Amino acid sequence: MKKDIFKAIADPTRRAILMMLAKECLNLNAVAGNFNISRPAISKHIKILIECGLVEVEQQGRDRYCKARPDKLDEVLAWISEYRVFSDEQSHGFYFQRKD
């Protein structure tokens, strides 16, 4: 079952993994070595990224290498392009308005 890409990128650890993998393919140990959490926790994050198509894993000998699939972010880009962000000066916040 395909995971929701929006939920996948909502997590800061998964976003950091994607940023790392966008620069280079890394094996699971190299990815895990960049975080202060357990390897099983990193594996769970990567599994979610794989399930929504943002990461693919390739077996090379005994190692499994992760590679980002940034083209899969097109769904997010399409959604964002439907909206513009306007500053609300009174509340110092932002709101979305659908482009028409």
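In this predicted model, the side chains of Glu-56 and Arg-69 come together in a salt bridge, with 3.4 Å from N to O. The two partners sit in distant parts of the chain, 13 residues apart: Glu-56 belongs to strand E2, while Arg-69 lies in the loop between E3 and helix H5 (74-81). Arg-69 is partly exposed, at a relative accessible area of 24%, and Glu-56 is likewise classed as partly exposed, at 30% relative accessibility.

Each of these residues has a further partner. Glu-56 also forms a salt bridge with Lys-67, where the closest N and O atoms are 3.6 Å apart. Here, too, distant parts of the chain are linked, since Lys-67 is in strand E3 and Glu-56 is in strand E2, 11 residues apart. Arg-69, for its part, meets the side chain of Asp-71 in a salt bridge of 3.2 Å, N to O. Lys-67 has a relative accessible area of 37% and Asp-71 one of 39%. Because partly exposed covers the range between 20% and 50%, Lys-67 falls in that class, as does Asp-71. Taken together, Glu-56, Lys-67, Arg-69 and Asp-71 are linked in a network of salt bridges. The structure as a whole holds 3 salt bridges.

The strands that carry Glu-56 and Lys-67 take part in an open sheet. Three strands make up this sheet, in the order E1-E3-E2, with antiparallel pairing. Strand E1 (26-27) and strand E2 (55-60) are the edge strands, each pairing on one side only. Between E1 and strand E3 (residues 63-68), the antiparallel pairing extends over 2 bridges; in one of the contacts between strands, Asn-27 has Tyr-65 of E3 as its bridge partner.

Helices lie across this sheet. Helix H2 (residues 12-23) lies across E1, E2 and E3 and runs at about 95° to E3. Helix H4 (residues 39-51) lies across E2 and E3, running at about 110° to E2.

Stepping back to the whole protein, there are 5 helices and 5 strands, which follow one another along the sequence in the pattern α-α-β-α-α-β-β-α-β-β. Of the 100 residues, 26% count as buried. The protein exposes about 7,300 Å², and carbon and sulfur atoms supply 52% of that area. Among contacts between residues at least 6 apart in sequence, 44% join residues at least 24 apart.

How values were computed:
Residues are numbered from 1 along each chain as its sequence is written. This is a predicted model: local features need pLDDT of at least 70, side-chain atom pairs count only at pLDDT 80 or more; totals for chains, interfaces and linings use all residues. Side-chain values use heavy atoms; hydrogens and water are left out. Two strands pair if DSSP finds at least two bridges between them. Helices (H or I, at least four residues) and strands (E, at least two) are DSSP runs, numbered from the N terminus. Contact means heavy atoms within 4.5 Å. Axes are lines fitted to C-alpha atoms, for helices over the stretch in contact, and angles run from 0 to 180 degrees between N-to-C directions. Buried means under 20% relative accessible area, exposed over 50%, partly exposed in between (1.4 Å probe, protein chains only). Accessible areas come from the Shrake-Rupley method with a 1.4 Å probe; for residues, only the protein chains shown count as cover. A salt bridge is a side-chain nitrogen of Lys or Arg within 4 Å of a carboxyl oxygen of Asp or Glu.
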